[in-house]
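Q: I am new to this structure and would like a close look at a single part of it. Could you take me through one residue and its surroundings, and then through the place where the chains meet?

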Amino acid sequence: MFSKYFYCIFVLSCIFSSASIVAQDCNVTIQGRVIDEASQLPLSYVNVYLQESSQGVATDDEGRFLFNNICIGHYHIIFSHIGCEDYKLHIDLEKDTVIDVTLLHTETSLSTVVIQGHKDNVGTQPNLTVNRKKIEDSNNQNLSGLIENETGVHLIKNGSGISKPVVQGLYGNRLTILNNGVPQSGQQWGNDHSPEIDPFAADNITILKGASAIEYSGGNLGSVILVEPKRITREPHLHGQVNYSFESNGRGSNLNVRLEKFSSKLAWRLNGTLRKYGDRRSSDYYLNNTGLEEANLSLQLEKSWNDKLFVDFYASTFNNKLGILRGAHVANLMDLEQAFQQTVPFYTESDFSYGIDAPKQHVSHQLAKLKAKYYSSEKSVIELVLAGQLNSRQEFDIRRSGRSDIPALSLSQTTFNADLTYSKEFADNWSMKLGNQNIFTDNTNDPETGILPLIPDYFSFESGFFITLSKKINRTQFKSGFRYDYENQKAVTITNSVPKEIVRYDNQFQNVSGLFAIEVNVTDQQTLSFNTGLSMRNPEVNELYSNGLHQGVSGIEEGDVQLKSESAIKNTLEYKWLPSSSFSFNALVYHQYFNDYIYLSPQEEIRLTIRGAFPVFKYEQTNASIYGLDISTQFTLSNSLIGQLKYSYLRGDDLQNNMPLVFMPPNSLFGSVTYRTHGSMEISPRVTLDELEVEFNNRYVFQQSHILPEQDFVAPPAAYNLLGMKVSTNVFFPSYKFRVFVKADNILNVKYRDYLNRQRYFADDIGVSYTFGLNLKF
Amino acid sequence: MTKNFLTLTVFLFFSMVFIACEKDDPIIPNEEELITTVNYTLSPANGGNDIVLSFVDLDGDGGSDPIITGGTLAANQLYTGRLDLLNEAESPAESITEEIVEEDEDHQFFFESTVNGMSISYTDQDANGNPVGLNTSIMTGGAATGSIKVILKHEPNKNADGVSDGDDTNAGGETDIQVIFPIDVQ
């Protein structure tokens, strides 16, 4: 669990040197040394495990290890260090061998480089990373859940199954998610839509919190989430892993299988995930119809020619079906008010069920991507990405006369991407990157619904060009960039007049973005980075043409065809301090000013319909500001006891109307204490435990008090505190090893509701939950 | 190198432009579920002309205001009430009442009157012996003005406290109809 704050890279590993002694068949030695890249000091307590002979040793105070009397043959050596992902090395042992490994072992939030591969580093942008180990150790979570405890990150939820990330107050159309380097397409506009990504297919989830991520398309106004698999390990044998977990709350099972094999002809990786959950339970009652079924599969292929041309292909399919709390399905304002009066939601039943009935969602997302990367020289790379996505979403409501089986919303969206980037390093530490990205989107409603679509059919074509330049002078690194985007939207709307008419719109938008960033290593232990950026985002189709009742929101939403692009200036200042390996501190302040911020404004009009009165919301523009502070610190209390604290503060204001912005994340404080054992514990002659970790964590979420009573139907829920615990360990058997974890969330079974969870109007959030997980690598 | 890059860029850009032609006209969905019209026909028990209270909103949730027709009833008179729901956006108009009759266990009308001395009671039942409300009887009191609110709930809990007596507080369910008719009793 603690591992999430770390990432480790083993670089430059292995300088094989050989003694010239001709060894006997079983008289070979393997020895070496592990060194910390940052400090150049030896690393002790690194576990070195020789898989084929089932021998394990730990490095000594000087970082050294030694295996004696090993037979000639093929071996896999696994290096594992607390909090790090395992590093596996394959050797063909013929003689005495020396292996030197350099291990970069740094606290993530203090790092400036995101590991994306050979030369792609994001640099000078505040960022956070979640690594594979965290993904495996939280394998009952969806993508959003994995990043929930990171500073500056919150979740908008609709019940337990649907969640989307909010980074520094921005979400939906304002936050870009790149899955495998491709902007995730889908219906970003809905707060009741999760990103359709299987986190198990990823090895790294990175959150960029800089002023402007110039290199990424998608109308982002600052933050970007990158979800990426790592390259297939250069390892000639078939390897894989199996992850399984069972969660008590919802009686849910998660199964993930990953297989991979490298060959110079073609390297491949296959990743499959299955999930099934039934009704979740709050502290007091079942949340009926909150089950989930999911089946995902991905295939990754890699091939390279002469270390110059690298081609990879990635295809994935994501399919899920999820239920929405039955008692959260209401029609008009009066229903909503009646629902607020209930201590237990309507339709609550005393029995658990795996059944998923209307209201529910069926979502599928297919992605196919081809990437070619060509190193024309050591210092220049050209990269081409072609991708296609197919997103299909069906939402089912409770309807009359058997129509519950007909979706009330049925959208399919096809997207094509074509990206080209060129990067070059020049002399004097100058580097440049330029690129062009094109996205074509075709969004179509299926008329089978028998309901006028909320979002019209449309085509959109986007093309963006960017250039970034960076230079390093001694302790200072500069980066600046410029981006231009063109978007053409062709929307075909249906009016709800009598008779109905088809109205076409053709819009063209041009946006420019600019960035300047500077990072100074003030001392060896302190880094200061400043980031300033201007970005623009044109109104999306939902903001322009929404028209009608948004089911589940109990409101009539109306777009405004007159909306202009919004623009934002964001400044961030980050300070990182790493005085010793036992203490680190990181503070990030940010301020973002929006001109013409597009938002849903509640109108004075209450519209009378045959179903009663509905509040009307219109997309309007105002000037707004969002500012906040993210702090995280980590301290080693003793060699085996480590503490962590994270605090996020955020405030959003509508400057023109002089009132708070709605739906802004409340402040939160997260703390954890982890106890780790060093070395291994022998349970029996054949079974050994190591890297045993016991973690207690606590998350306190403040009440959102920066909001006026008339801005919501009910007051924001009270502050809450959730206590969690987790025990994890590696278990070694003679010929294999696996990892086990047991965790408990909301141990005290606290009854609470979260401000950003729309289900809070109807029901409590989920109560205590125990998860047991197993990870086996082979 | 840079030249190749530019050529490729231009190629990509134009290949995308050519894809972006016009989007086909969408098929306008057939909103067969829509309820545009509620007619509440009140027939005096001792003969005389029917009074029809109506609420018509042809554009559904759209912007035009609904047309509401109230009625004038005689004092101290018994009426039988019959509700008819129509989808007049279709032609010929489609009866939604039939769908309600087919699924009467999942539907219930609720009536709230602010007219002094008026009482409304159910005169029909579903298969489980619970009220539906398509048929009612209305007894007026003395001269008064006020309104009758008619609510149709889909999937209410008819067994919850007070629901079969016409109180929707514990009913749950979605509101399919909620209309108010102005009433004058003379």
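A: In this predicted model, a good place to begin is T493(A), a residue that is found in strand β29 of chain A. T493(A) counts as buried because 24 other C-beta atoms lie within 10 Å of its own, where 20 or more are needed. Leaving aside the neighbours within four places in sequence, T493(A) is in contact with P456(A), V503(A), Y505(A) and Y545(A). Another residue to look at alongside it is Y458(A), which is 35 residues from T493(A) in sequence, while the two are 8.5 Å apart in space, C-alpha to C-alpha.

From this residue one can turn to the contact between the chains, which takes 51 residues from chain A and 46 residues from chain B. On the side of chain A that touches chain B, the elements that give two or more residues include the helix α3 (333-341) and several strands, among them β25 (380-396), β28 (457-473), β29 (476-494) and β35 (583-609). The largest share of that side, five residues, comes from β28(A). Sorted by class, the side of chain A that touches chain B has 25 nonpolar, 18 polar and eight charged residues.

As for the confidence of the prediction, the model scores ipTM 0.82 and pTM 0.84, and chain B averages a pLDDT of 87, with 89% of the residues scoring at least 70. Where pLDDT is low, the predicted coordinates should not be read in detail.

How values were computed. Residues are numbered from 1 along each chain as its sequence is written. Chains are lettered from A and ligands numbered from 1 in the order in which they are written. This is a predicted model: local features need pLDDT of at least 70, side-chain atom pairs count only at pLDDT 80 or more; totals for chains, interfaces and linings use all residues. Two residues are in contact if their C-beta atoms, placed from the backbone, lie within 7 Å. Helices (H or I, at least four residues) and strands (E, at least two) are DSSP runs, numbered from the N terminus. Ala, Val, Leu, Ile, Met, Phe, Trp, Tyr, Cys and Pro count as nonpolar, Asp, Glu, Lys and Arg as charged, and the others, Gly among them, as polar. A residue is buried if 20 or more other C-beta atoms lie within 10 Å of its own, exposed if 12 or fewer, and partly exposed in between; C-beta atoms are placed from the backbone. pLDDT is the predictor's confidence in each residue, from 0 to 100.
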